Amino acid sequence: MRQLIIILVWALCPIPLYALDVVIKVDGLETKLKENVLAYLSVERERQRESLNAARLRLLHDKAEAEIKAALRPFGYFKPTVTATMVGDEQGFTLSYHVEPGPPVKLSDVNFQLIGDGADDPQLTKTFPMSVGEVLDQTHYEQSKQQMLAEIIESGYLDARYIQHQLRVDLQDYTASIQLHLDSGKRLRFGDVRMHQDILNPDYLARFVPFNAGEPFSQETLLKLQSDLIDSEYFKQVEVVTRRDQREGDRVPIDINLKPNKRNRYRIGLGYSTDMGPRLTLDWKNRRRGRNGHRMRSELQISKPLSTLSTEYIVPLQRPTVDFVSFGASLEHFDSDTNTGNRALLSAVHSVSLSRGWRRSLGLEYSYEDFEVGEQEDSSRLLVPSITWLRIKSDGKAYIQRGKRLEFRLEGASESLLSTTDFFQLYSAVKFIRGFGEGDWRVLNRLELGATWADDLTELPPSKRFFAGGDNTVRGFGYQDLGPRDQNDEVIGGRYFAVGSVELERRISGKWSGALFLDAGNAFDPDYDSETAFGLGFGARWRSPVGPVRIDIAHGRVDDNRQWRLHIVVGPEL
């Protein structure tokens, strides 16, 4: 009875277990081979387990030589020499493996043949990307084999398959040979595209299709069509089905099943930046008005220096994903340290997508503005035609490594065309982001230039003058705190503008980065005094779920004026 009680107590009571202290050393191999060896080693995977004991460790150690040899074979090393040692006691062990990989197997024959209709297609690769004399790398072999098959399928040969695929290793001659015969089959072409939905005019939806029936089949083209339909916001679900079972000859029909999105979207948002302070946004979007894809959006933004109420009506054109005409109206109330007033605006814009990622917008706006800036109280009416070129390109990563934004704008007005003054204005802005040091470092450069031809600065309303200072121009100064000053030392803006910035950023940990920066520039006018301002500082960056967050502390200097200022911004980098 006593023995039974002891056994039950031993079985039911927790006994603390402690993992052995195991150190594993592998030498004699380059980094790639060593990493694969460690991935194969059972002892490496189990060395942290609390249940590991000396007997189990010895068993794993005895298996290591075979596992190391198996780990080296995919890279062409079939005759390695492994010297294994195990030293230690009950509490700690050091397992050492010295590996001499030996000579690698090299390819003596690479026989790749492409047969079928694809053999006569000049756009298809006819050469396998491994050659005689090259060290056998089975990972490279498998990747290349699948990549070539995927390329051919993408080009419209949906029935493509390998009818022979052999990789042979002759350990007597210590050579390897590749035999690959790829049958492309027949090249297929697009048939009819059938969109299943009942909310939009079929003729309008047909404009989204970027190909005609009879053109060569392309999976990439179908993915773009699916993406465009999702981005349109008309549909919350887009399913594209290639109906090979209904193929007629070389024509493959396409079924697209579309599930409508809600017609209206409502949003409320709170934001903050040191330029605008707290900001409330109310947004309403009508995703479709009628059956021809028209859209409408209205927005109310409230903040101390600038509040706006705007609405926009958008009419898609022949290429609905990229070309449109929009009509807008807005009311603005501005109240900053430099100017106050109200502005009413009507606008029309024709926007089209050009080659190489450029977008061109032709605009016409009519505005009425009453304002107070410095000692000037006045009003203006302007009919302003404009043309803008914009290009935004990035690698699409959450932490951009290569990106740029280019913008150029020309606009003007004439007293002979419903305006109270004559002016012509040029504006350009460029921003570049470049990563280096394996993505841990980035350089961000920014340059903005503007020039206005007008007889006198006072003839321009504040909306057409240049100001500097704030989160996105020269940090270290408040919003629109920089620019030419009148005789009362009040900032009144200028007809010219030049601002540049250089920033060096270093990733610290996870989604956090640190930055050092230098900003320089100002708004200028030949009739008033203004000096170049500088902002030097440091900051933190956080890639938040709602977008990048910048927190900067900057020391601003212009003339004898020096000051420190905190800047906080949430928004896109380009």
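On the surface of this predicted model, Leu516, Phe538, Ile551, Ile553, Trp564 and Leu566 form a nonpolar patch with about 600 Å² of accessible area together. Strand E24 (547-558) and strand E25 (561-570) are the elements that give two or more residues to this nonpolar patch. Another member, Phe538, lies in strand E23 (residues 533-544) and counts as partly exposed because its relative accessibility is 43%. Patches are built from residues with over 30% relative accessible area and no salt bridge, joining like charges within 9 Å and nonpolar side chains (Val, Leu, Ile, Met, Phe, Trp, Tyr) within 5 Å. Areas follow the Shrake-Rupley method with a 1.4 Å probe, and for residues only the protein chains shown count as cover. Buried denotes under 20% relative accessible area, exposed over 50%, and partly exposed the range in between. Helices (H or I, at least four residues) and strands (E, at least two) are DSSP runs numbered from the N terminus.

Because the model is predicted, local features need pLDDT of at least 70 and side-chain atom pairs count only at pLDDT 80 or more, whereas totals for chains, interfaces and linings use all residues. Residues are numbered from 1 along each chain as its sequence is written, and side-chain values use heavy atoms, with hydrogens and water left out.

A second surface patch is negative and consists of Glu372, Glu375, Glu377 and Glu490. Here Asp and Glu count as negative and Lys and Arg as positive, while His and the chain ends are not counted; each charge is placed at NZ of Lys, CZ of Arg, CG of Asp or CD of Glu. Glu490 is found in the loop between strand E20 (441-453) and strand E21 (496-509), and with a relative accessible area of 34% Glu490 is partly exposed.

The loop between E20 and E21 also holds Arg495, whose side chain meets that of Asp525 in a salt bridge (2.6 Å, N to O). A salt bridge requires a side-chain nitrogen of Lys or Arg within 4 Å of a carboxyl oxygen of Asp or Glu, and by this rule the count comes to 43 salt bridges. Asp525 lies in the loop between strand E22 (512-524) and E23, so the pair ties together parts that are 30 residues apart in sequence. Asp525 counts as buried at 5% relative accessibility, and Arg495 is likewise buried at 5%.

Strand E23 takes part in a further salt bridge, in which the side chains of Arg541 and Glu503 meet (2.9 Å, N to O). With Arg541 in strand E23 and Glu503 in strand E21, this pair links distant parts of the chain, 38 residues apart. Both Arg541 and Glu503 are buried. Elsewhere, salt bridges that share partners join Glu332, Arg343, Glu365, Glu369, Arg405, Glu407, Arg409, Glu411 and Lys464 into one network.

A salt bridge within a helix is found between Asp228 and Lys224, with the closest N and O atoms 2.8 Å apart. Both residues lie in helix H7 (residues 219-231), four residues apart, about one turn of the helix. Asp228 is buried, with a relative accessible area of 13%, whereas Lys224 is partly exposed at 46%.

His181 lies in strand E6 (residues 175-183) and counts as buried at 17% relative accessibility. The side chain of His181 makes a polar contact with that of Gln113 (3.4 Å); such a contact is a pair of N or O atoms within 3.5 Å, where within protein one must be able to donate a hydrogen and the other to accept it, and residues adjacent in sequence count only if both atoms are side-chain atoms.

Note on methods. Buried means under 20% relative accessible area, exposed over 50%, partly exposed in between (1.4 Å probe, protein chains only).
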